[in-house]
Amino acid sequence: MIARIDAWIAHQPGYVSRQDAIRHCVALILCAPTHERRIGSPSGATAQDTGGSDAVD
């Protein structure tokens, strides 16, 4: 999981700390409508996360 977060950070403009990246991911999950949450999925991403530059790969 850390490697995936670090990969996401590498694609962001400017400096993003690991803590800020994790906060961003948590905010995306908590703000997603309940029917879009896929917390137990292998990718851990929501339907909303998978299409934009904010997605954690």
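**Polar contacts, salt bridges and core of a two-helix chain**

The side chain of serine 17 reaches the backbone nitrogen of aspartate 20, at a distance of 3.0 Å. Serine 17 sits in the loop between helix 1 and helix 2. At a relative accessible area of 11%, this serine is buried. The cut-off for burial is under 20%, so serine 17, at 11%, falls in the buried class. These values, like those below, were computed from a predicted model.

The protein chain holds two helices and zero strands. Helix 1 covers residues 2-10, and helix 2 covers residues 18-31. Of the 57 residues in the chain, 26% count as buried. The accessible surface amounts to about 4000 Å². Carbon and sulfur atoms contribute 61% of that surface. Among contacts with a separation of 6 or more, 30% join residues 24 or more positions apart.

A second residue of the loop between helix 1 and helix 2 also makes a polar contact with backbone. Glutamine 12 is found in this loop. The side chain of glutamine 12 reaches the backbone oxygen of tryptophan 8 at 3.1 Å. Glutamine 12 counts as buried because its relative accessibility is 16%. Tryptophan 8, the partner in this contact, is also one of the residues of the largest nonpolar core.

That core has five residues. They are Ile5, Trp8, Ile9, Val16 and Ala21. Helix 1 supplies the largest share, three residues. In soluble globular proteins, nonpolar side chains tend to be buried together.

Charged side chains were examined next. A search of the whole structure finds two salt bridges. Side chains of opposite charge can pair when their charged atoms come close. One salt bridge joins the side chains of aspartate 6 and arginine 18, with an N to O distance of 2.8 Å. This pair links distant parts of the chain. Aspartate 6 belongs to helix 1 and arginine 18 to helix 2, twelve residues apart. Aspartate 6 is partly exposed, as its relative accessible area is 29%. Arginine 18 also counts as partly exposed, at 37% relative accessibility.

The other salt bridge is formed by the side chains of aspartate 20 and arginine 23, at 2.6 Å from N to O. Both residues lie in helix 2. Their spacing is three residues, about one turn of the helix. Aspartate 20 is partly exposed, with a relative accessible area of 41%. Arginine 23 has a relative accessible area of 53%. The cut-off for exposure is over 50%, so arginine 23, at 53%, is classed as exposed. Aspartate 20 thus takes part in two interactions: its side chain meets arginine 23, and its backbone nitrogen is reached by the side chain of serine 17.

Nonpolar side chains also appear at the surface. Ile22, Val26 and Leu30 make a nonpolar surface patch of about 260 Å². Leucine 30 lies in helix 2. This leucine counts as exposed because its relative accessibility is 58%.

Helix 2 therefore recurs in several of these features. Arginine 18 of helix 2 pairs with aspartate 6 of helix 1. Aspartate 20 and arginine 23 pair within helix 2. Leucine 30, also in helix 2, contributes to the nonpolar surface patch.

Note on methods: Residues numbered from 1 in each chain as written. Predicted model: local features only at pLDDT ≥ 70, side-chain atom pairs only at ≥ 80, totals over all residues. Heavy atoms only, no water. Helix = DSSP H or I, 4+ residues; strand = E, 2+ residues; numbered from the N terminus. Buried < 20%, exposed > 50% of the residue type's maximum accessible area, 1.4 Å probe, protein only. Contact = heavy atoms within 4.5 Å. Areas by Shrake-Rupley, 256 points an atom, 1.4 Å probe, with all protein chains shown as cover. Patch = residues over 30% accessible without salt bridge, like charges linked within 9 Å, V, L, I, M, F, W, Y side chains within 5 Å. Salt bridge = Lys/Arg side-chain N within 4 Å of Asp/Glu carboxyl O. Core = buried A, V, L, I, M, F, W, Y, C linked by side-chain atoms within 4.5 Å. Polar contact = N/O pair within 3.5 Å; in protein donor to acceptor, adjacent residues only side chain to side chain.
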